[in-house]
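Dear colleague,

I am passing on the structure we spoke about, with the sequence alongside. Please look through it first; my notes on what was found follow below.

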Amino acid sequence: RLFNSTRLPKPNRDELVTDESGRHLLVLRKGNFYVFDLLDKDGNIMKASEIQAHLQYILSDTSPAAEFPLGYLTSEERNTWALLRQKLLDNGNQDALKKVDSAVFCLCLDDFPTKDPIHLSHNMLHGSSLNRWYDKSFSIIMMGDGTTAINFEHSWGDGVAVLRFQNEVFKDSTQRPAVSPQSLPATVDSSRAVQKLQFHLDDPLKVAINNAKERVEATANSLTIATMEFKRGGKEFLKAQKLSPDAISQLSLQMAFLKQYGKTT
């Protein structure tokens, strides 16, 4: 369920779908959707320099932000989204949605840099929804300054699988990087390799997108995040005391909840 997977909205009960035939990456930028193949016909990963060229091609696209960003709909109440998705299908968007659903994973490219830890937390947790597709099994979010995090849909599995995957990616990309700031992209025709997805939207769907935007922004604005960097010890100190760092984290959350609300559940 980690790759090529999507949570499809259905009336009263969603469906987890995996399409292992998908060989492409889904890239979101300014609410626009792009796809290009990551794997060849034999399942081998394409050359890093080719992937670099395709990503640079997307970053060089001067298209404005999408007027009606479809990603907002994935933040809707699930039964509402199920009805709207069916309308999208009825409007002739079957092929475009299939490419979204079957993509290996989603890469969200945000053009702005990180301001501070609170801004970072908000952006990686929910973002503006303009540049997100919350139904994908996981999305890698990269900001304009290179700060990167992962946002994943939780119904298919636990965070342990995603953490293991990300740890392996981090280790490999830092110890054996396939590209560097000095790397040159391959000389390939990215205009043919990269497809920009187009969606057919009627007036009711446009209204629904605007309504979803208002609702998710109201929800996001109601969320308060505060940060504190604790420097008097970490997981190694806790392990030396024969304490589980995860258990201490969970207890800290329960203590904070108890202090705030006077109860533990």
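**Surface, fold and one annotated site**

The accessible surface of the protein chain amounts to about 16,400 Å², and carbon and sulfur atoms contribute 54% of that area. Please keep in mind while reading that this is a predicted model.

As for burial, 35% of the 265 residues in the protein chain count as buried. Charged side chains are balanced in number, with 32 positive and 32 negative, and the centres of these two sets lie 5 Å apart.

Turning to the fold, the protein chain contains nine helices and eight strands, and its C-alpha atoms occupy a box of roughly 60 × 45 × 35 Å along the principal axes. The radius of gyration is 20 Å, which agrees with the value near 18 Å that a compact globule of 265 residues would have. Among contacts in the protein chain with a separation of 6 or more, 69% join residues that are 24 or more positions apart.

One position carries an annotation: the UniProt record, an unreviewed entry, places the feature "active site" at His154, and such annotations may be inferred rather than shown by experiment. In the model, His154 sits in the loop that runs between strand 7 (148-152) and helix 5 (159-175). Its relative accessible area is 47%, and because the partly exposed class lies between 20% and 50%, His154 counts as partly exposed.

With best regards

Definitions and conventions. Residues are numbered from 1 along each chain as its sequence is written. This is a predicted model: local features need pLDDT of at least 70, side-chain atom pairs count only at pLDDT 80 or more; totals for chains, interfaces and linings use all residues. Side-chain values use heavy atoms; hydrogens and water are left out. Helices (H or I, at least four residues) and strands (E, at least two) are DSSP runs, numbered from the N terminus. The radius of gyration is taken over C-alpha atoms; the globule rule is 2.2 Å times the number of residues to the power 0.38. Buried means under 20% relative accessible area, exposed over 50%, partly exposed in between (1.4 Å probe, protein chains only). Contact means heavy atoms within 4.5 Å. Accessible areas come from the Shrake-Rupley method with a 1.4 Å probe; for residues, only the protein chains shown count as cover. Lys and Arg count as positive and Asp and Glu as negative; His and the chain ends are not counted. The place of a charge is taken as NZ of Lys, CZ of Arg, CG of Asp or CD of Glu.
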